[in-house]
Amino acid sequence: MAAQISPCSSSPFPSTKFSRKSWLFKIHSKINPNNQFELKSSHGYPPLNSVSLQDHVVSNNATNQSHLPSFNSLRRLFLISCYHFLVAFRVDAAAEINKPLAKENVLTEQTEPNLSVTIVGASGDLAKKKIFPALFALFYEDCLPQNFIIFGYARTEMTDEELRETISGTLTCRIDKRENCGNKMKAFLARCFYHTGQYNSEENFAELDNRLKQKEDGKTSNRLFYLSIPPDIFADVVRCASGKAFSKTGWTRVIVEKPFGRDSESSAELTRSLKKYLVEDQIFRIDHYLGKELVENLSVLRFSNVVFEPLWSRNYIRNVQFIFSEDFGTEGRGGYFDNYGIIRDIMQNHLLQILALFAMETPVSLDAEDIRNEKVKVLRSMRPLRLEDVVIGQYKGGQSKGGKSYLGYTEDPTVPNNSLTPTFAAAALFIDNARWDGVPFLMKAGKALNTRRAEIRVQFRHVPGNLYKKYFGLDMDKATNELVLRVQPDEAIYLKINSKIPGLGMKLDQSDLNLFYRMRYLKEIPDAYERLLLDAIQGERRLFIRSDELDAAWSIFTPLLKELETKKIAPELYPYGSRGPVGAYYLAAKYNVRWGDIAGDE
């Protein structure tokens with residue numbers, strides 16, 4: 001069995017680079033008064049043995065011609081030259097090998113740049129449950145630099161030891177490498193520190209900078225700031241950090257968590273405020289769904305398999321569905337959720353980003369800008385959402401089959417009693433370009449539904465003149481080929497096909513050609529935050545959102561959101577634990593579509 005090597009570890013073989021140095025001989029040939037060839041070396045070694053012309057002349061008394069060297073003498077001269085050439089090369093190469101390597105070619109622990117990660121909002125749930133565990137996983141896989149430190153920054157009073165104790169319970173090791181888990185955790189926690197400070201205090205960020213410099217110990221410093229805080233204080237943090245705590249010797253990057261505003265205007269204002277202190281390349285707008293394994297596999301599936309790309313258009317695809325459902329409600333987070341709702345929280349970012357990746361044209365390369373350029377083209381080709389193409393809902397209290405009672409959305413103590421914020425939404429979107437003209441892209445997202453899932457479902461067109469039509473009955477949708485990418489849980493890719501049931505009669509059945517990740521790949525799938533944090537550290541922007549991409553996304557949803565809020569449209573109520581409001585099924589039927597998750601596929 002081949003040895004397992006961490007995907008982030010560097011090569012164990014050092015490379016030696018030789019400087020260019022002339023070791024060629026300058027052979028100056030001249031006939032001296034004694035009619036000899038005189039050969040000189042550029043290294044100062046003794047010249048080649050002189051070869052007398054008198055031993056190799058051809059006499060021609062009849063014609064009295066000049067003396068010329070014979071063929072044998074020239075061959076002898078050539079061999080002698082080769083001998084001295086090799087001797088000189090051997091001496092020169094040996095000197096180069098024994099010569100100490102130049103300092104700039106040696107990368108050691110002492111000269112490797114330091115990486116300092118500062119998590120702003122370190123006392124929050126996101127930091128404790130996702131960011132710190134993701135950084136530990138990268139450390140566990142040897143994906144972080146040799147010299148790194150992590151600082152938590154928040155208003156909550158806390159010591160270094162209290163931070164370590166808080167996050168230690170959330171750290172987990174890879175299943176296949178648990179034997180050294182304890183040692184790894186201790187080593188990681190020893191690099192974690194905490195600094196208490198206000199988000200709008202330049203003095204507190206200057207204090208943070210001093211502590212960072214002490215830990216960096218004079219090394220070149222690269223600094224990454226993760227803003228795990230509400231967007232209304234992004235600008236204050238960036239203003240204070242840019243003046244007092246940004247790196248003076250290396251790069252500085254800032255990861256910004258969603259939501260990126262509430263509409264086009266607030267998003268544009270947020271971008272302007274950040275760009276007062278940062279350039280676009282320093283801003284990493286994170287959408288963790290883009291780091292999901294199946295989402296990243298989407299473009300691989302399409303562009304590296306010849307069987308799919310020819311089918312990826314309106315000619316063969318009848319509709320595409322993006323489905324997101326959670327089987328729990330707000331559960332105490334109603335204050336945050338009520339300010340944004342399901343459309344802003346899930347549809348405008350997570351699902352729309354996946355749609356753009358799905359529908360984009362083939363990019364010029366895998367370079368971040370080439371991919372993001374194609375995503376922007378898709379978003380700019382989409383129609384703004386209309387009210388008649390949207391259904392909104394809100395869950396009400398209910399009782400499970402086991403008899404457990406659940407509170408309705410407005411019964412949550414953190415939610416206003418008269419709130420009209422939707423906890424469910426379904427929408428039909430359209431892309432006005434040559435590839436997708438007329439194909440409905442349906443989105444559905446909701447809380448407190450009957451199951452937890454996130455998936456992409458591609459329903460293909462019916463077979464023209466299907467010879468086996470009579471065996472499917474009147475419902476031809478049962479014969480529809482469907483490609484399903486299950487993002488979570490239990491990652492999988494499967495294709496529904498029609499086949500004959502073994503036997504003497506002609507009975508047809510729909511079967512799955514499937515790839516279940518947990519069965520095919522025994523290795524644990526990295527969390528999305530691990531991939532995105534590693535990309536930010538390495539400067540890879542492919543899975544992060546660019547400002548013009550964000551503008552195009554908001555332009556699709558902003559008119560709808562304003563109309564919903566201006567007209568105070570009441571959401572349709574649906575029971576906790578149900579499939580959602582009935583209106584979602586009428587919306588799909590309007591475009592001759594059946595939701596693919598109705599059958600409850602396992």
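Mentor: A crossing of two helices is left-handed if the near helix is turned anticlockwise from the far one by less than a right angle, and right-handed if clockwise. This is a predicted model, in which local features need pLDDT of at least 70 and side-chain atom pairs count only at pLDDT 80 or more, while totals for chains, interfaces and linings use all residues. Residues are numbered from 1 along each chain as its sequence is written, and side-chain values use heavy atoms, with hydrogens and water left out.

Trainee: Which hand does the crossing have where α10 passes α14?

Mentor: The crossing is right-handed, so the near helix is turned clockwise from the far one. The axes of α10 and α14 (residues 547–567) come within 11 Å and cross at roughly 145 degrees; axes here are lines fitted to C-alpha atoms, for helices over the stretch in contact, with angles from 0 to 180 degrees between N-to-C directions. The contact (heavy atoms within 4.5 Å) involves residues including I343, M347 and L352 of α10, and W554, F557 and L561 of α14.

Trainee: What makes the largest nonpolar core a core, and which residues have the most contacts inside it?

Mentor: A nonpolar core is a set of buried Ala, Val, Leu, Ile, Met, Phe, Trp, Tyr and Cys residues joined through side-chain atoms within 4.5 Å, where buried means under 20% relative accessible area, exposed over 50% and partly exposed in between, with a 1.4 Å probe and protein chains only. The largest such set here has 149 residues, and F188, F322, I343, F358, F441 and F557 have the most contacts inside it. Helix α10 (residues 341–359) gives the most to this core, with 12 residues. Leaving aside its neighbours within four places in sequence, I343 is in contact with Q348, I392, A425, F557, L560, L561 and L564. Across the 602 residues of the protein chain, 47% count as buried.

Trainee: How do you know which strands stand at the edges of the nine-stranded sheet?

Mentor: Two strands pair if DSSP finds at least two bridges between them, and strands (E, at least two residues) and helices (H or I, at least four) are DSSP runs numbered from the N terminus. The open sheet runs β18-β17-β16-β15-β9-β14-β13-β10-β19 with mixed pairing. Its edge strands are β18 (508–516) and β19 (572–575), each of which has a single partner strand, so one side of each is left without a neighbour in the sheet. Nine bridges join β17 to β18 in an antiparallel run, and the partner of I497 in β18 is S511. Six bridges likewise join β13 (residues 424–429) to β14 (residues 441–446), again antiparallel, with A425 bridged to A445 in β14. Helix α10 lies across β9, β10, β13, β14 and β15, running at about 145 degrees to β14.

Trainee: Why do β5 and β8 count as edges in the six-stranded sheet?

Mentor: That open sheet has the order β5-β4-β3-β6-β7-β8 with parallel pairing. Both β5 (192–196) and β8 (283–286) have a single partner strand, so one side of each lacks a neighbour in the sheet. Neighbouring strands are turned by 20 degrees against each other on average, direction ignored. Helix α3 (residues 160–168) packs on this sheet by touching β4 and β5, its direction making about 120 degrees with that of β5. Within the sheet, five bridges join β6 to β7, which run parallel, and R223 stands opposite T252 in β7.

Trainee: What makes the backbone at D142 and A448 worth pointing out?

Mentor: Most residues other than glycine have a negative phi, and most peptide bonds are trans. D142, in the loop between α2 and β4, has a positive phi of about 60 degrees although it is not a glycine. A448, in the loop between β14 and β15, has a positive phi near 55 degrees. At a relative accessible area of 41%, D142 is partly exposed, whereas A448 counts as buried at 0%.

Trainee: Where do cis peptide bonds occur, and what are their omega values?

Mentor: One joins K258 and P259, with omega about 5 degrees, and P259 lies in the loop between β7 and α7. Another joins Q488 and P489, with omega about -15 degrees, and P489 lies in the loop between β16 and β17. In the hairpin of those two strands, which has three residues between them, D490 takes a positive phi near 55 degrees.
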